[in-house]
Amino acid sequence: MIPQFLANLMGIGRATTIDDSGELQLMQVTEGAAGSGFADRVTDNVRRVTEFGFGSVPPIDSEVVMLRRGADRSCSLIMGTSHRPSRPRDLQPGDTIIYDVRGAKVKLSADGIEVDAAGLEIMVSNASKATLDVPDVYLTGNLHVAGDIDTEGDFAAAGAITGLTGGTAIELGALRDAYNDHGHTGISTGTATSGKTDHAV
């Protein structure tokens, strides 16, 4: 039979309330009754220890695993949490995933990196510059740009910026030059229409 001291070194309960406002996250933890005639045990202000660089607030009613210093319930530390309804399933050995209760996730697997925003917005802010060093970028929706599209800046040295129209590559700089330099033939007075431009684009 396990001595009472050793039995109290660890505990398993459920998060009843969570306070994430301080230097350490604090939880109220409810542990089920140990047997008939006993009431559930509630412990307040249980400190949760997490890995550096990763933060989360588990959903209420999440399972928690606690260690107790000296088997003292008032000196409990939460070392692990789990929320079964939210846990992604069917991962393969070596896969890693970050997820939340809304279904958003970032998954690293042998098939690549998958970001699922669960219908929410994705925002990148407070960056001095963002660079995509990839051969191709595919957009399935519309592109909205509030600033300039620079064809002569840092990336000009890497090659001319081109666009495809009707399957034909057109250099954007040449398009601008042709527009700036073009003229029209067949000019006449009145309401007649001029001829085509003398610059092909």
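1. In this note, a residue counts as buried when its relative accessible area is under 20%, as exposed when it is over 50%, and as partly exposed in between, with a 1.4 Å probe and protein chains only. By that standard, 15% of the 201 residues of this protein are buried. The structure is a predicted model, in which local features need a pLDDT of at least 70 and side-chain atom pairs count only at pLDDT 80 or more, whereas totals for chains, interfaces and linings use all residues. Residues are numbered from 1 along each chain as its sequence is written, and side-chain values use heavy atoms, with hydrogens and water left out.

2. The protein contains 2 helices and 10 strands, taken here as DSSP runs numbered from the N terminus (helices are H or I over at least four residues, strands are E over at least two). Along the sequence, these elements follow the pattern α-β-β-β-β-β-β-β-β-β-β-α, so that a reader who starts at the N terminus meets a helix, then the strands, and then a helix again.

3. Five of the strands build a closed barrel, which runs β1-β2-β3-β5-β4 and has mixed pairing; two strands are said to pair if DSSP finds at least two bridges between them. Within this barrel, β1 and β4 run antiparallel and are joined by 5 bridges, while β4 and β5, also antiparallel, are joined by 6 bridges. On another part of the barrel, β2 pairs with strand β3 (residues 41-48) in the antiparallel sense, over 6 bridges.

4. Some individual residues help to locate these pairings in the structure. Leu 67 in β4 stands opposite Met 10, and Leu 67 also has Leu 77 in β5 as a bridge partner, which makes Leu 67 a convenient place from which to trace both contacts of β4. For the pairing of β2 with β3, a reader may look at Gln 25, whose bridge partner in β3 is Arg 48.

5. Apart from the barrel, there is an open sheet of 3 strands in the order β6-β7-β8, with antiparallel pairing. Its edge strands are β6 (96-99) and β8 (112-116), each of which pairs on one side only. Strand β7 (residues 105-109) is joined to β8 in the antiparallel sense over 5 bridges, and one bridge to look for is that between Lys 105 and its partner in β8, Asp 116.

6. The whole structure holds 6 salt bridges, where a salt bridge is a side-chain nitrogen of Lys or Arg within 4 Å of a carboxyl oxygen of Asp or Glu. Side chains of opposite charge can pair when their charged atoms come close. Three of these contacts are described in the points that follow.

7. Which residue of the barrel forms a salt bridge with Arg 14? The partner is Glu 63, with the closest N and O atoms 3.9 Å apart. This pair links distant parts of the chain, since Arg 14 belongs to strand β1 (residues 10-19) and Glu 63 to strand β4 (residues 63-68), 49 residues apart. Arg 14 counts as partly exposed because its relative accessibility is 37%, whereas Glu 63, at 18%, counts as buried. Arg 84 also takes part here, for Arg 14, Glu 63 and Arg 84 are linked in a network of salt bridges.

8. A further salt bridge joins Glu 31 to Arg 68, and here the closest N and O atoms are 2.6 Å apart. Because Glu 31 lies in strand β2 (residues 25-31) and Arg 68 in strand β4, the pair ties together parts of the protein that are 37 residues apart in sequence. Are the two residues buried or exposed? Glu 31 has a relative accessible area of 9% and is therefore buried, and Arg 68, at 5% relative accessibility, counts as buried as well.

9. The side chains of Arg 102 and Asp 100 also meet in a salt bridge, at 3.1 Å from N to O. Arg 102 is exposed, with a relative accessible area of 56%, while Asp 100, with 22%, is partly exposed. For a reader who goes through these contacts in turn, the setting of this pair can be set beside that of Glu 31 and Arg 68, of which Glu 31 is buried and Arg 68 likewise counts as buried.
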